[in-house]
Amino acid sequence: MQLSKRITHLTGGGSDGWDVFYRARAMIAAGEEVTELTIGEHDIRTHASILNAMHGAAAGGHTGYAMVPGTDTLRRTVAQRMTERTGVPTGPENVLITPGGQSALFAAHHAVCDEGDTALYIDPYYATYPGTIRGVGAFPKAVITRPEDAFKPQRSALDQVATGARSLLINTPNNPTGVVYDLETLETISEACKAHDLWLISDEVYDTQVWDGSHISPRGLPDMADRTLVVGSMSKSHAMTGSRCGWLVGPAQAIDHLITLATHTTYGVPGYIQDAAVFAMEQGSALEAEIAAPFRRRRDLAQSILAAQNTIGLIPSQGAMYLMLDIRATGLSGEDFANALLDRHRIAVMPGESFGRAAAGHIRVAMTIDDQAFAAALETLCAFASAAAKKTA
Ligand SMILES: Cc1ncc(COP(=O)(O)O)c(C=O)c1O
């Protein structure tokens, strides 16, 4: 039987540079020891106090169907958090609770794109973006950025592709680059959105992981609240990746329609998970800082290791759990570098090419293993890069 084009064409086809990742996983499955610096998952598990709250809620009976838009308490908690962080008055009517940020990304595009519409995203990009856009029947179009601009979108690049598009998807703090968009960049983006009448979908799932500067949500910029949908999540801020709890914040009318979408797709998020999310957020920023601390420490370690060599360039590492390293001086592509590093040293990193063409000649390093092993792997990586550069010289 024939399947829909929508499902069979969800990914663009081709390997897209994910071969290195699958090869590393196959080596691990075959019993080999591989240092994995690939995916964005904490090396700690969900805090025991959050698990206790989850258990208490489930044991207390919150195991039936929960309210589809989210529990009143969680919607209010997220709304209050948004109000505090953006200055834009936000109420529960502006919030839809979703099974993770990924589901919110899908819902957001569903809300603003019709079949065949063009939806923009910034290249380099988080792996699921183009597929999420195709999933709602829209056409993904990349806004190309440059390493010289720390991969921040420029107005000329936005203008080049924006005519006729419906939406623009951004992500700050950024996966895969580790860059945090400054006010100037966000103002450029918001001006472009207004000039081209675009919805802005702002993925802010790393908003608690900022090492330099501060996180700014474009929802708080002048006249942006009515055209912005903010994606948030408990995954990264509270090490709750497996709990699948996120949200979308936007204009009440959009949220109203999205509740209907949720009724016909996810039917909400388990009540005991939502209760645990409320508990976690009630602990305030101290718990968020505790969860972010290992990545900040490793970023500092990486900066000092990289300062002692001159083959690899570091894209300003300002937030999120990744480093984007410029390895063009080795003469290798990101993919060749990552494959050779895996073969010779059993260290797995992601080629920049996995995240789009803008990050070719780069690699992404996830800071998701303990400090000592992380520092040792980075030292080996630097020595490998330096030897490769000498060979090409
Ligand atoms: C940029 C970005 N957005 C969204 C997500 C999805 O997160 P979740 O669905 O776990 O909330 C991730 C996960 O790695 C991510 O890196």
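Visitor: How far does a polar side-chain atom of Tyr206 lie from an oxygen atom of the ligand?
Guide: Look for a polar contact, a pair of N or O atoms within 3.5 Å (within protein, one must be able to donate a hydrogen and the other to accept it, and residues adjacent in sequence count only if both atoms are side-chain atoms). Tyr206 offers a polar side-chain atom, and the ligand offers an oxygen. The distance between them is 2.7 Å.

Visitor: What kind of model is this?
Guide: Residues are numbered from 1 along each chain as its sequence is written, and side-chain values use heavy atoms, without hydrogens and water. Local features need pLDDT of at least 70, side-chain atom pairs count only at pLDDT 80 or more, and totals for chains, interfaces and linings use all residues, for the model is predicted.

Visitor: Which residue has a polar backbone atom 2.7 Å from an oxygen atom of the ligand?
Guide: Asn175 comes to 2.8 Å from a ligand oxygen, but with a side-chain atom. The backbone atom at 2.7 Å belongs to Gly101.

Visitor: How much of the ligand's accessible area does the protein cover?
Guide: Accessible area comes from the Shrake-Rupley method with a 1.4 Å probe. On its own, the ligand has 400 Å². The protein covers 93%.

Visitor: Which helix gives the largest share of the shell around the ligand?
Guide: The shell holds 14 residues, with Gly101 and Ser233 among the closest; a residue is near if one of its heavy atoms lies within 4 Å. Three of the shell residues come from one helix, residues 100-112. That is helix 5.

Visitor: Is Asn171 buried or exposed?
Guide: Asn171 sits in strand 5, residues 167-171. Its relative accessible area is 3%. Under 20% is buried, over 50% is exposed, and partly exposed lies in between. Therefore Asn171 is buried.

Visitor: Which residue's backbone oxygen does the side chain of Asn171 reach at 3.0 Å?
Guide: Two backbone oxygens come into play. A polar side-chain atom of Asn171 lies 3.2 Å from the oxygen of Pro173. The 3.0 Å distance is to the backbone oxygen of Asp203.

Visitor: How far apart in space are Tyr65 and Val269, C-alpha to C-alpha?
Guide: Tyr65 lies in the loop between helix 3 (48-59) and helix 4 (72-86). It counts as exposed, at 77% relative accessibility. In sequence, Tyr65 and Val269 are 204 residues apart. In space, the distance is 8.4 Å.

Visitor: How far apart do the C-alpha centres of domain 1 and domain 2 lie?
Guide: The domain assignment gives domain 1 (5-45 + 286-388) and domain 2 (64-283). Their C-alpha centres are separated by 25 Å.

How values were computed. Helix = DSSP H or I, 4+ residues; strand = E, 2+ residues; numbered from the N terminus. Buried < 20%, exposed > 50% of the residue type's maximum accessible area, 1.4 Å probe, protein only. Domains from an automatic or database assignment.
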